[in-house]
Amino acid sequence: MTMPPLLAALTGRRGPAPVWFMRQAGRSLPEYRQLRARVGLPMLEACLVPEVAAEATVQPVRRHGVDAAVLFSDIMIPLRLAGVGVEIEPGVGPVLDHPYRTRQAIDELTRHSYGSGSWTDAAGNARDCGEGARAVRQAVALAVRELGETPLIGFAGAPFTLAAYMVEGRPSRDHLAARALAASDPGAWDELMGWCARVTGDFLASQVEAGASAAQLFDSWVGSLSPRVYRDSVAPYSRRVASRLARARVPVTGRRAPLIHFGTGSAPILADMAAVGADCVGVDWKTDLAWAIEQVPGKAVQGNLDPALLQAPWDVIEQAVRHILATGRAAPGHIFNLGHGVPPTTDPTVLTHIVELVHDAGR
Ligand code: CP3
């Protein structure tokens, strides 16, 4: 059996660039909007219905012919399953019942939610966590069965991005409260980040153990950190997630799942992000791809078409795609993607054309 192009690119076997899109499942697809309307559940609840999650996962593969599926889930799912009160407010993002800003609130969290057990075998809030964890594994298994040869990418939020939501309680532009906590109470920060690393590491590993053959760790908001704070107060916890993942094995192949590590505004810390144990770094649209490749010798890269270009005339898009593909050849492996998620207003036929272009260029 030949290795799927995505896994070949991630393991340093040079070949035509595979393509997928962050946020390829979701509101840009009419079939997704229909599915959500039919099911009538809020976002996080919909993620926990295996048939719904599997269907939303497979939709973009059917439509666009992308080289990978990404699990329909959310970085907030492991928090919800661990007992944190969180909802996704449409048009806003994750909103928590209350922020976790004080030593007391964080102690309370680590003592009462999730217990000391692993996510797949939970003590503490065992019932919710157990059922939810089973639902995620079942969604993975259903999707993998339908996908056949196309690999499924599992994903999770990195500890900092989760902690940023937990300390702020809702989306924030510069994550001031989270940065303040890291600086002013290192003990509380360590407790919170350690907890986040554990729940999200178990979430990611459980997707691999259920059949996902690659993984992406989203540290979407690391761009608000200085390199020194990243290295001292964030990277050690991301490394724990990467180590947890490295111990997980994909069923059937018995291999470990290679790790893609992505953040936005991450140019100053790309090498540090790679060093936590990633096989590939995701490059955002603001970063020059050729420069990024030089920062991470020996690693594959993923990216980095500006999502804004999806609104541009086709000749502009085509030129940008060809330029990215040509640049990507300097890396040991290149996965074509956007520099961040698909905007919900995107015309999905544009994405299909980009997939065709990337595939034609690789022939
Ligand atoms: O196709 C895919 O990429 C798979 C699914 C996926 C979702 N969320 C589904 C989703 C992935 C990979 C995520 C990750 C995620 N979730 C991140 C990291 C990626 C990034 O964008 O940097 C973050 C920060 C979140 C938190 C979150 N969830 C936000 C900010 C939002 C948007 C809220 C809004 O309405 O604008 C969500 C909701 C969400 N997650 C949607 C989808 C498809 C949209 C909600 C809906 O369809 O009702």
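Here a biologist and a modeller talk through a few labels attached to this predicted model.

Biologist: Let's start with Thr352. Where does Thr352 lie?

Modeller: Thr352 is part of helix H15, which covers residues 348–362.

Biologist: And why does Thr352 count as buried?

Modeller: Its relative accessibility is 15%. Buried means under 20%, so Thr352 makes the cut.

Biologist: Which residues is Thr352 in contact with, leaving aside its neighbours within four places in sequence?

Modeller: Those would be Arg63 and His64.

Biologist: Staying with H15, why are H14 and H15 called oblique to each other?

Modeller: The axes of H14 (residues 314–328) and H15 cross at roughly 40°. Roughly parallel needs an angle under 35 degrees, and roughly perpendicular starts at 65. The pair falls in neither class, and therefore H14 and H15 are oblique. Their axes come within 11 Å, and H14 passes H15 in a right-handed crossing.

Biologist: Which residues in H14 meet which in H15?

Modeller: From H14 you have Trp314, Ile317, Glu318, Val321, Arg322 and Leu325; from H15, Val350, His353, Ile354, Leu357, Val358 and Ala361. By class, that contact has nine nonpolar residues, one polar and two charged.

Biologist: Now H10 and H11. What makes them roughly parallel?

Modeller: Again, look at the angle. The axes of H10 (residues 186–209) and H11 (residues 227–246) cross at roughly 25°. Angles under 35 degrees count as roughly parallel, so that's what H10 and H11 are.

Biologist: How do the axes of H10 and H11 come together, and what is the hand of the crossing?

Modeller: The two axes come within 8 Å, and H10 passes H11 in a right-handed crossing.

Biologist: Which residues meet there?

Modeller: Among them are Trp189, Met193, Ala197 and Leu204 in H10, with Val234, Tyr237, Arg240 and Arg244 in H11. By class, the contact of H10 with H11 has 10 nonpolar, four polar and five charged residues.

Biologist: Over to the strands. What makes E8 mostly covered?

Modeller: Strand E8 spans residues 300–305, and six of its six residues are buried. Buried here again means under 20% relative accessible area.

Biologist: How do you know that E7 and E8 pair?

Modeller: Count the bridges. Pairing takes at least two, and E7 (residues 280–282) and E8 have three, in the parallel sense.

Biologist: Which residue in E8 is the bridge partner of Val281?

Modeller: That's Val301.

Notes:
Residues numbered from 1 in each chain as written. Predicted model: local features only at pLDDT ≥ 70, side-chain atom pairs only at ≥ 80, totals over all residues. Heavy atoms only, no water. Helix = DSSP H or I, 4+ residues; strand = E, 2+ residues; numbered from the N terminus. Buried < 20%, exposed > 50% of the residue type's maximum accessible area, 1.4 Å probe, protein only. Contact = heavy atoms within 4.5 Å. Axes fitted to C-alpha atoms, helices over the stretch in contact; angles between N-to-C directions. Parallel < 35°, antiparallel > 145°, perpendicular 65-115°, else oblique. Left-handed = near helix turned anticlockwise from the far one by under 90°. Nonpolar A, V, L, I, M, F, W, Y, C, P; charged D, E, K, R; others polar.
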